[in-house]
Amino acid sequence: MPDPLRDDIRLLGGLLGDVLREAGGQDLLDDVERLRELTIRAYGVDDGGAALAEASDVVAGYSLERAEQVARAFTCYFHLANLAEEYHRVRVLRQREAESGAAIEESLPAAFTQLTEEVGRDEALRRLSELEFRPVLTAHPTEARRRAVSGAVRRISDLLADRDTVELGGTSRSENERRLIAEIDTMWRTSPIRAAKPTVLDEVKTAMGVFDATLFETYPEVYRRLDDWLLDGDAGRTKPVASPFVYLGSWIGGDRDGNPNVTAEVTRQAATLAAEHALTALEQAARATGRKLTLEEASTPASDELKALWQRMRQLSEDLAAQAAAESPNEPHRAAVLAIAGRVGATRARDADLAYREPAELEADLQIVQDSLVEAGANRAAYGDLQRLVWQVQSFGFHLAEIEVRQHSQVHAAALEEIHDKGVHGDLSDRTREVLDTFRALGAVQKRFGQRAARRYIVSFTQAPEHMAAVYELAALAFEGTDDPPVVDAIPLFETFADLENSVEILEAMLEMPQVQKRLAENGRRVEVMLGYSDSSKDVGPVAATLALHSAQSRIAQWAQRHDITLTLFHGRGGALGRGGGPANRAVLAQPPHSVDGRFKLTEQGEVILARYGNPTIAARHIEQVAAATLLASAPSTEKRNAEATERFAGMASALDATSRARFHELVQSEGFPQWFAEVTPLEEVGLLPIGSRPAKRGLSVNSLDDLRAIPWVFSWSQARINLAGWYGLGTALREYGDLEQLRAAYEEWPLFTTLLDNIEMSLAKADERIARMYLALGDRDDLADMVLTEMHLTYEWVLKVTGNQWPLASRRVLGRAVQLRSPYVDALSLLQVRALRALRTQGASEGLSLDEGEWVDGGYKDRWRHLLLLTVNGVSAGVQNTG
């Protein structure tokens with residue numbers, strides 16, 4: 001561990017110890033320390049499980065109150081360790097950028113340099129100008145940490161940063177530590193579990209917090225850094241080369257597939273709330289930019305166009321112009337920008353006389369100011385803060401993020417059947433009326449904020465061309481009798497293995513629809529297709545799903561080329577490895593030829609949103625890494641490598657696909673598997689966590705995996721320290737294939753296979769066979785437990801054979817060591833969780849309670865055990881740094 005990080009963790013851990021002693025006495029701290037020492041001693045020691053058994057005995061001796069305190073202590077520790085590691089990443093990134101005289105690895109300048117060497121500067125600039133990165137924020141319930149806890153984490157992180165940026169000594173250092181321990185004390189005393197599920201609008205507000213804290217300033221920062229590289233000494237005094245390429249989307253408030261809480265009215269409110277944040281930020285930025293333009297008329301005269309703009313401002317509002325002029329005597333550019341800021345404020349307030357109708361009007365006014373400054377020779381003022389504001393307008397418009405609607409194909413089918421029977425104005429069911437109202441909400445959002453604000457409509461479980469046609473028919477029915485329907489782009493979402501296999505046939509039929517042909521003519525023949533990682537993995541296992549997705553992308557890309565279509569593939573990736581997680585930039589570089597072509601779109605879910613965008617330095621680095629990979633994905637060298645490797649290893653891929661899929665189905669299609677899965681993992685309890693507005697399962701019980709959403713499927717295996725969703729089936733497939741030389745060659749030469757094995761290696765590193773056995777013992781199916789453990793052992797053995805590592809992540813020293821150091825602490829929480837599960841599953845609700853706790857009424861014990869379990873779920877999530 002690097003010394004600065006070790007020092008930070010020791011400092012925070014020591015302060016947490018002080019808090020525990022103050023809050024619970026020396027006995028609490030002693031109990032925490034004893035369990036910590038035992039799990040560290042037990043980790044990696046081949047003593048027949050004696051040390052782990054001793055730790056388990058210690059946990060068994062805790063009262064429920066003590067067990068809860070210990071669980072909270074370890075959870076707080078992980079929050080502190082996580083923020084220390086995050087801040088150290090920031091520290092390293094800043095140091096690397098300060099010391100590097102050349103483009104750092106995986107940056108946009110490095111990618112542009114390589115692309116220039118391969119295709120020439122002019123072509124590289126053309127590709128850069130067409131680059132698109134579209135992150136789409138979703139409210140999938142995978143962020144287990146409360147917003148209140150996240151707030152404490154941010155404040156502690158800021159205080160930690162102060163210790164680096166300010167020379168602290170004497171009173172200053174004491175004050176810093178006093179504030180640190182106060183914040184840690186607050187975190188300790190804050191319940192880690194929400195009292196109630198968040199509403200959809202609560203989830204929207206959480207996303208808006210990320211926009212306010214980082215994204216509004218980070219986007220232009222990324223563009224500025226790129227421009228600095230491209231223009232070198234001319235940067236900031238000549239027209240920028242960099243143009244916006246990051247466009248934010250959001251499913252929060254639009255994704256109604258399986259979430260009855262997302263209604264048409266909620267969609268309208270979500271769009272309005274986002275616009276409020278965007279316009280507030282733009283108004284503040286415009287006002288701050290204007291106040292800095294203190295360039296007097298004599299030195300920087302206004303152009304004729306700027307004078308004309310000022311006259312238009314006066315005609316719109318004498319009061320607005322007079323106030324701006326009073327603040328800017330003989331400073332025409334300042335006055336103009338302050339008046340522009342006033343108009344942005346009027347747009348937010350919906351003042352029809354003063355409001356801008358669309359962002360293009362605002363951008364045009366800013367362009368007039370910029371051109372006037374250039375004409376007067378004030379280039380640095382033109383391309384400094386004012387350019388930053390222009391980039392922000394271009395990036396966010398008035399809507400901030402495009403709200404995307406998603407609904408299940410069967411809901412559309414049922415709605416159409418009812419409308420055909422009763423008529424659009426008949427006595428329709430609430431659900432069918434809601435479907436029609438959703439399209440009307442899209443129309444309202446478009447009318448107020450523009451077409452960019454909401455036009456994408458994603459169809460879950462697209463399994464036939466009729467599922468696409470239904471969207472256009474329903475949109476027409478919703479606006480029957482009017483001449484102002486919204487623009488709608490229906491986007492197919494292929495999720496299951498069978499859907500991926502049939503995707504091209506469905507797309508071929510989709511092209512014949514008149515509505516699609518009309519949109520192609522209007523949008524430059526652009527088509528978007530979404531691919532689901534979660535359900536395909538749950539359907540056929542992680543290995544077969546990865547290969548099926550790769551094959552589908554290749555076939556869809558070829559289909560697009562045949563029809564002269566500009567294709568964007570939308571990747572429905574989750575944060576966990578079993579749902580397409582892992583480093584996004586590496587995934588981009590492993591895609592088939594022409595499946596990226598400078599455009600990459602993906603979902604950003606749950607804890608991933610804060611992890612990637614919660615800190616401005618990390619957010620900028622993540623955006624650069626993904627954008628750089630997107631630029632390089634279509635480089636001739638990248639496409640050649642991927643195409644040749646895919647062809648060379650096609651036979652191997654086919655064999656791994658068939659064997660892994662058969663092995664996966666052997667397990668999950670066993671009689672009674674869904675019920676057994678619910679017994680040996682905290683599946684039911686994960687569903688009770690109040691972490692999202694969306695239900696965890698489709699029905700009241702889990703009688704088949706079809707009833708279960710992909711997130712709790714992954715989340716539950718992660719909690720049980722098995723991570724089965726990320727690796728099951730690979731071990732058998734590798735052993736049956738057997739050609740180790742060929743497998744090693746594929747690992748070295750085929751990016752897709754490299755990424756697959758590296759992600760599975762990470763999944764195995766966070767799993768633990770000793771702990772897994774405790775969970776599996778909660779069920780009464782030794783046959784299924786043996787299958788899981790045998791496959792875990794096989795996968796572990798063969799992955800290490802192929803990668804050449806002695807232990808998982810051995811070749812990634814920093815990451816591997818970090819996982820090793822965390823694992824014993826996670827073990828402590830797992831032991832507490834197993835005890836709670838055992839009480840709930842096998843020994844009754846009163847297991848292990850002392851006489852002092854015997855006054856609880858019927859059912860009270862079960863609630864207490866469940867509360868302990870939920871505390872540990874929260875803690876394990878923080879410890880392994882992912883959920884679902």
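This is a short walk through some packing and contact features of the structure above. The model is predicted, so please read each value below as computed from that model.

Let's begin with a pair of helices. Two packed helices are described by the angle between their axes and the distance between the axes. Here, helix α12 (residues 332-348) packs with helix α13 (residues 359-375) at an angle of about 175°, and their axes are 11 Å apart. Angles over 145 degrees count as roughly antiparallel, and α12 and α13 are therefore roughly antiparallel to each other. On the α12 side, the contact is made by H333, A336, V337, I340, R343 and V344. On the α13 side, E361, L362, D365, L366, V369, S372 and L373 take part. Sorted by class, the contact of α12 with α13 has eight nonpolar, two polar and three charged residues. R343 of α12, one of the residues in this contact, also lies over the face of Y356, at 3.9 Å from the ring centre.

R343 is joined by another arginine with a ring beneath it: the charged end of R72 sits over the ring of W188, 5.7 Å from its centre.

Rings also pair with one another, and the structure holds 22 aromatic pairs. Take F216 and F396 as an example: their ring centres are 5.8 Å apart and their planes meet at 35°, so the pair is tilted. F216 lies in helix α8 (residues 200-231) and F396 in helix α15 (residues 385-396), so this pair ties together parts that are 180 residues apart in sequence. Are these two rings buried or exposed? F216 has a relative accessible area of 6% and is buried, while F396, at 1% relative accessibility, counts as buried too.

A second pair to look at is W251 with F570, which is edge-to-face, at 5.9 Å centre to centre and 75° between the planes. W251 lies in the loop between β2 (249-250) and α9 (264-292), and F570 in strand β8 (residues 566-572), so the pair ties together parts that are 319 residues apart in sequence. Both W251 and F570 are buried. Further along the chain, ring pairs link F664, F673, W676, F677, W713, W717, W727 and Y728 into a cluster.

Now for two individual residues in helices. N642 has its place in helix α27 (residues 636-648). With a relative accessible area of 2%, N642 is buried. What is N642 in contact with, leaving aside its neighbours within four places in sequence? The partners of N642 are L589, A590, Q591, P593, W750 and P751. E607, in helix α25 (residues 607-613), is also buried, with a relative accessible area of 13%. The C-alpha atoms of E607 and A878 are separated by 9.7 Å, although these residues are 271 residues apart along the chain.

Finally, a look at the backbone. Most residues other than glycine have a negative phi. R525 has a positive value, with phi near 60°, and R721 likewise has a positive phi near 60°. R525 is found in the loop between α21 (514-523) and β7 (526-532), whereas R721 is in the loop between α31 (710-719) and α32 (730-737). At 26% relative accessibility R525 counts as partly exposed, but R721, at 1%, counts as buried.

How values were computed: Residues numbered from 1 in each chain as written. Predicted model: local features only at pLDDT ≥ 70, side-chain atom pairs only at ≥ 80, totals over all residues. Heavy atoms only, no water. Axes fitted to C-alpha atoms, helices over the stretch in contact; angles between N-to-C directions. Helix = DSSP H or I, 4+ residues; strand = E, 2+ residues; numbered from the N terminus. Parallel < 35°, antiparallel > 145°, perpendicular 65-115°, else oblique. Contact = heavy atoms within 4.5 Å. Nonpolar A, V, L, I, M, F, W, Y, C, P; charged D, E, K, R; others polar. Phe/Tyr/Trp six-rings, centres within 6.5 Å; stacked < 30°, edge-to-face > 60°. Buried < 20%, exposed > 50% of the residue type's maximum accessible area, 1.4 Å probe, protein only. Lys NZ or Arg CZ within 6 Å of the ring centre and 35° of its normal.
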